[in-house]
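The following exercises are to be worked through with the sequence and the coordinates at hand. Each task is followed by a solution in steps.

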Amino acid sequence: MQVGIDKLHFATSHLYVDMAELANARDEAPDKYLIGIGQSKMAVIPPSQDAVTLAANAAYPMLTAADIAAIDLLVVATESGVDNSKAAAIYVAQLLGLNRRVRTIEMKEACYAATAGVQLAQDHVRVHPDKKALVIGTDIARYGLHTSGEPTQGGGALAMLISANPQVLALDTNSVMLSQDVMDFWRPLYHTTALVDGKYSSNIYIDYFQDVFKGYLAEQDMSIADFTALTFHLPYTKMGLKALRSVLPLATMDQQAALLAHFEHARHFNRQVGNLYTGSLYLSLLSLLLTDATLKPNDLIGLFSYGSGAEGEFYAGRLQPAYQQGLDLGLPQRLARRQRVSVAEYERLFNGQLAWNDTDQVIDYADDPHRFVLTGQKAEQHQYLDTQA
Ligand code: COA
């Protein structure tokens with residue numbers, strides 16, 4: 001029996017800031033952001049969206065009534081959690097109208113946790129093939145205004161339905177993991193923005209990729225030529241390009257050109273949104289599948305997941321014949337319709353998020369077109385609204 005990704009759907013903000021404009025405002029050369037970092041636009045998440053609403057907005061458009069009836073596991077992977085105790089997944093399950101007989105958990109390991117969710121989900125479905133699992137990576141990447149990490153911010157959520165006989169990608173049960181205590185990026189409980197040693201983090205990422213990718217090839221007795229495309233966690237798209245380049249010497253010149261061409265498709269939408277933390281790898285997969293017309297059923301796609309702290313994993317999946325049917329086909333149009341905001345407006349929205357204190361707060365959501373919004377905080381409880389209810 002094959003198990004894997006049956007559907008993929010993405011949600012982000014309706015607002016973005018142009019990276020050349022941000023570079024100018026920060027006295028940087030635009031090409032540093034556009035080429036050196038590899039980002040063209042950055043999602044600006046308004047205060048009316050958080051990890052919970054982004055997750056619900058990502059998942060609901062793809063779920064049929066039959067899916068909802070079959071889902072008995074919901075994993076919300078995030079490092080932008082809204083509560084130290086209660087799982088974001090419980091709010092999300094409520095907003096989506098999931099069955100009460102559902103296991104709901106939040107998972108955390110920096111940008112890696114959605115992969116842990118996918119693996120847990122595929123094991124679950126292998127034991128219960130009539131059931132489906134919903135895995136959502138949802139985050140708002142925040143390094144702070146005027147920091148070196150600022151151009152690698154962004155946000156959004158990527159929802160995946162995991163099922164037997166999947167439409168999109170049949171997952172391999174083999175994978176290679178690596179987990180070690182590394183202080184490259186972390187966020188103490190009293191910080192709303194991440195602490196990062198950016199250069200160190202980028203080096204660890206490459207080391208992890210080399211380790212798990214080469215470990216996978218050795219364990220499976222495979223070569224790089226077995227893969228049609230390699231996809232990467234993309235905190236910024238140049239990061240994945242650097243990792244890919246680090247293994248190109250394993251390939252022939254023709255294979256190198258093909259892998260680089262596929263990579264350009266795989267970073268197309270990440271370049272326009274920025275970092276999603278947990279969802280980044282899977283937005284890259286969606287980007288590849290939506291934009292690369294050369295892909296064929298049975299192509300083997302490699303996935304490299306990385307979370308600072310640090311954990312990495314390499315695994316793979318085979319493209320299924322009807323894969324287009326499981327994709328978020330409206331994504332290019334939704335991204336094209338987004339509204340550009342000035343750097344001053346981006347800074348205002350960045351500073352306008354719900355304050356982490358015990359006061360009652362009201363958030364203006366009038367301009368937010370999304371179905372699920374955060375309207376504020378009352379009696380120390382987040383107030384979520386389904387605007388279509
Ligand atoms: N034209 C083209 N490229 C330019 C340029 C220009 N005018 N000016 C600079 N660049 C290139 C640099 O050569 C560099 O490329 P390289 O990394 O391939 O050498 C790149 O732009 C970035 O420049 P750099 O000076 O290294 O930027 P920085 O010190 O401001 O930091 C990061 C960049 C990515 C380290 C920083 O944004 C960061 O810490 N981000 C968060 C890191 C992260 O996400 N970590 C988690 C990993 S999972």
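A polar contact is a pair of N or O atoms within 3.5 Å; within protein, one must be able to donate a hydrogen and the other to accept it, and residues adjacent in sequence count only if both atoms are side-chain atoms. The model is a predicted one, in which local features need pLDDT of at least 70 and side-chain atom pairs count only at pLDDT 80 or more, while totals for chains, interfaces and linings use all residues. Residues are numbered from 1 along each chain as its sequence is written, and side-chain values use heavy atoms, with hydrogens and water left out.

**Exercise 1. The ligand site**

Task: Determine which residues are closest to the ligand, and describe the polar contact of Ser201 with the ligand.

Solution.
Step 1. The ligand is surrounded by 19 residues (a residue is near a molecule or strand if one of its heavy atoms lies within 4 Å of it), and the closest are Lys32, Ser148, Lys199, Lys238 and Lys242.
Step 2. Two contacts involve oxygen atoms of the ligand. An N or O atom in the side chain of Tyr143 is 3.0 Å from a ligand oxygen atom, and a backbone N or O atom of Ser148 lies 2.6 Å from a ligand oxygen atom.
Step 3. For Ser201, an N or O atom of the side chain is 3.0 Å from a nitrogen atom of the ligand.
Step 4. Ser201 belongs to helix H7 (residues 198–220); helices (H or I, at least four residues) and strands (E, at least two) are DSSP runs, numbered from the N terminus.
Step 5. Ser201 counts as buried because its relative accessibility is 12%; buried means under 20% relative accessible area, exposed over 50%, and partly exposed in between (1.4 Å probe, protein chains only).
Step 6. Beyond its neighbours within four places in sequence, Ser201 is in contact (heavy atoms within 4.5 Å) with Asp184, Val196, Tyr306 and Ser308.

**Exercise 2. A three-stranded sheet**

Task: Establish the order of the strands in the open sheet of three strands, and explain why one side of E3 and of E15 has no neighbour in the sheet.

Solution.
Step 1. The order is E3-E2-E15, with mixed pairing; two strands pair if DSSP finds at least two bridges between them.
Step 2. Strand E3 (41–43) and strand E15 (339–340) are at the edges, each with a single partner strand, so each has one side without a neighbour in the sheet.
Step 3. Strand E2 (residues 15–18) runs parallel to E15, the two being joined by two bridges. Here Leu15 has Gln339 as its bridge partner, and Tyr16 stands opposite Arg340.
Step 4. The pairing of E2 with E3 is antiparallel and has three bridges; Asp18 is opposite Lys41 in E3.
Step 5. From E2, Leu15 and Val17 point one way, whereas Tyr16 and Asp18 point the other way; all are buried.

**Exercise 3. Domains and cores**

Task: Explain why the largest nonpolar core lies between the domains.

Solution.
Step 1. The protein divides into domain 1 (3–169 + 328–386) and domain 2 (172–324), with bounds that come from an automatic or database domain assignment.
Step 2. The C-alpha centres of the two domains are 20 Å apart, and 57 residues of domain 1 contact 51 residues of domain 2.
Step 3. A nonpolar core is a set of buried Ala, Val, Leu, Ile, Met, Phe, Trp, Tyr and Cys residues joined through side-chain atoms within 4.5 Å. The largest holds 79 residues, of which Leu8, Leu74, Leu134, Ile162, Tyr282 and Leu289 touch the most other members.
Step 4. Domain 1 and domain 2 both give residues to this core, so the core lies between them.
Step 5. Another core, of 34 residues, lies apart from it, with Ile204, Ile224, Leu259 and Ala310 among its members.

**Exercise 4. Backbone geometry**

Task: Locate the cis peptide bond between Gly309 and Ala310, and state whether Asp221 is buried or exposed.

Solution.
Step 1. The cis bond from Gly309 to Ala310 has omega near 5°. Ala310 is in the loop between E13 and strand E14 (311–319).
Step 2. Asp221, a residue other than glycine, has a positive phi near 55° and is in the loop between H7 and strand E12 (229–232).
Step 3. Asp221 is exposed, with a relative accessible area of 72%.
Step 4. Glu380 also is not a glycine, yet has a positive phi of about 65°. Its place is the loop between strand E17 (372–378) and strand E18 (381–386), and Glu380 is exposed at a relative accessible area of 57%.
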